[in-house]
Amino acid sequence: MDAEREREFDRVVAAEQRVEPRDWMPDGYRKTLIRQIAQHAHSEIIGMQPEANWISRAPSLRRKAILLAKVQDEAGHGLYLYAATETLGADREDLTTRLVQGRQKYSSIFNYPTLTFADVGVIGWLVDGAAICNQVPLCRTSYGPYARAMIRVCKEESFHQRQGYELLMTMMRGTEAQRRMVQDAVDRWWWPSLMMFGPPDDASSNTERSMAWRIKRHTNDELRQKFVDMTVPQAEALGVTLPDPELRWNPERGHHDFGQIDWDEFWRVVGGDGPCNRQRVDHRRAAHENGAWVREAAAAYAAKQARQEGAA
Ligand code: BYC
């Protein structure tokens with residue numbers, strides 16, 4: 001029976017159809033999806049912190065409104081993604097507990113500090129740019145609820161990226177001090193942005209299996225290369241220098257070559273020892289604890305509604 005169901009699952013995946021929550025799926029497929037989608041959801045929620053740091057200090061009402069809307073979008077993305085994990089049988093409370101206990105990962109990128117307002121622009125341009133590169137192919141991922149969530153997430157991420165680029169363009173047309181601020185932010189965020197795509201293919205434990213299941217549609221190195229190729233002309237248009245002396249066009253490969261990424265730094269940050277890991281997780285834990293009364297009130301209200309509907 002299982003062999004028959006597995007054949008049907010393989011057929012659906014090979015035919016580029018979607019696997020849906022009620023369909024049979026191998027345990028490993030379900031576990032991999034829960035791992036990846038939960039990490040992705042955690043990244044969206046933790047990712048609210050570095051930018052929210054600047055909401056109260058945004059330089060104008062317009063920039064404050066834009067930043068507020070963007071950070072709210074990230075919360076929405078986290079919620080769609082947690083909802084997608086629930087369709088696989090995961091429990092949201094359990095996932096949050098694993099995150100705050102350091103038993104589940106979130107993206108390395110959000111463990112770096114946002115030191116100036118230019119960081120808001122650079123996060124939009126580079127971090128959201130990298131996120132788009134990684135997530136557009138996930139609109140074709142084999143699991144239906146994840147693929148559908150990604151379509152909306154990517155539309156919103158495109159706005160985020162454009163707001164970052166527009167912010168930086170504005171600063172680059174400003175004073176010399178503003179231009180220096182932008183360049184300093186680019187210098188600090190470039191390498192961590194390249195690390196977002198994950199370890200090199202030969203050190204990526206999950207890629208082969210995830211590609212076979214069509215959860216991932218490209219390898220980490222393929223997407224990283226695509227991001228570099230896409231970003232170089234944008235940096236030129238902006239008038240900033242990407243901090244890599246080895247970055248240059250390679251006509252034979254038809255791609256840009258780039259320097260060696262500091263993988264020791266990556267693994268340190270992923271392992272919990274980056275500049276802001278402790279602060280990010282502590283803040284998340286405190287927000288969860290402080291929000292307990294909201295969850296209790298919502299549950300009490302839902303129970304009351306159910307009682308009233310039962311009595312009617
Ligand atoms: N940070 O076998 P691999 C966003 C872990 S964007 C931390 O290649 P996989 C946002 C990996 O989990 C950011 N950990 O893994 C943007 C694995 O450990 P486990 C979130 C990382 O899953 C703007 C181990 O290293 N995006 O949210 O095949 C504003 C070996 O890696 C990282 C997504 O999550 C990293 N950078 O490939 C606000 C997109 N990279 O789990 C928010 C969906 C790797 O075996 N996720 N690790 O213990 C993916 O596409 C894939 O999960 C990845 C990694 C490409 C990230």
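**Exercises on loops, salt bridges and helix packing**

Glu16 counts as partly exposed because its relative accessibility is 35%, where buried means under 20% relative accessible area, exposed over 50% and partly exposed in between (1.4 Å probe, protein chains only). The model is predicted, so that local features need pLDDT of at least 70 and side-chain atom pairs count only at pLDDT 80 or more, whereas totals for chains, interfaces and linings use all residues. Residues are numbered from 1 along each chain as its sequence is written, and side-chain values use heavy atoms, with hydrogens and water left out.

**Exercise 1.** Describe the backbone and the ionic partner of Glu16, and locate both ends of the pair.

Solution. Start with the backbone: phi of Glu16 is near 60°, a positive value in a residue other than glycine. For comparison, most residues other than glycine have a negative phi. Next, place the residue: Glu16 sits in the loop between helix 1 (2–14) and helix 2 (27–46), helices being DSSP runs of H or I with at least four residues, numbered from the N terminus. Then turn to the side chain, which forms a salt bridge with Arg217, the closest N and O atoms being 2.8 Å apart; a salt bridge is a side-chain nitrogen of Lys or Arg within 4 Å of a carboxyl oxygen of Asp or Glu. The pair links distant parts of the chain, since Arg217 belongs to the loop between helix 9 and helix 10 and is 201 residues from Glu16. Finally, Arg217 is buried because its relative accessibility is 18%. The loop of Arg217 also holds Arg214, which lies between helix 9 (207–212) and helix 10 (220–238) and has a phi near 60°, again positive in a residue other than glycine; at 26% relative accessibility, Arg214 is partly exposed.

**Exercise 2.** Determine which residues Gln17 touches and how far Gln17 is from Tyr143 in sequence and in space.

Solution. Gln17 is found in the loop between helix 1 and helix 2, and with a relative accessible area of 38% Gln17 is partly exposed. Leaving aside neighbours within four places in sequence, Gln17 is in contact with Arg11, Val12 and Ser142, contact meaning heavy atoms within 4.5 Å. Gln17 and Tyr143 are 126 residues apart in sequence, while their C-alpha atoms are 8.9 Å apart. One of the contacts of Gln17, Arg11, forms a salt bridge with Glu8, with a closest N to O distance of 3.0 Å. Glu8 and Arg11 both lie in helix 1, 3 residues apart, about one turn of the helix.

**Exercise 3.** Compare the charged residues Arg284 and Arg285 by their ionic partners.

Solution. Arg284 lies in helix 12 (residues 277–290). Arg284 is buried yet has no salt bridge, and the nearest side chain of opposite charge, Glu93, is 8.2 Å away (Lys and Arg count as positive, Asp and Glu as negative; His and the chain ends are not counted). Beyond residues up to four places away in sequence, Arg284 touches Ile45, Ile46, Gln49, Thr96, Leu99 and Val100. Arg285, by contrast, forms a salt bridge with Asp282, the closest N and O atoms being 3.0 Å apart. Because Arg285 and Asp282 are 3 residues apart in helix 12, about one helical turn separates them. Elsewhere, salt bridges that share partners join Glu51, Lys70, Glu74 and Asp128 into one network, and the structure holds 19 salt bridges.

**Exercise 4.** Classify the packing of helix 12 against helix 13 and name the residues that make the contact.

Solution. Helix 12 and helix 13 (residues 292–311) pack at an angle of about 40°, with their axes 4 Å apart; axes are lines fitted to C-alpha atoms, for helices over the stretch in contact, and angles run from 0 to 180 degrees between N-to-C directions. The two helices are therefore oblique to each other, because angles under 35 degrees count as roughly parallel, over 145 as roughly antiparallel, 65 to 115 as roughly perpendicular and the rest as oblique. The contact is made by His288, Glu289 and Asn290 of helix 12 together with Ala292, Trp293 and Arg295 of helix 13.

**Exercise 5.** State how many disulfides the structure holds, and what surrounds Cys139.

Solution. A search of the whole structure finds 0 disulfides, a disulfide being a pair of cysteine sulfur atoms within 2.5 Å. Cys139 is in no disulfide, and the nearest cysteine sulfur, that of Cys154, is 4.0 Å away. At 19% relative accessibility Cys139 is buried, and Cys276, with a relative accessible area of 5%, is buried too.
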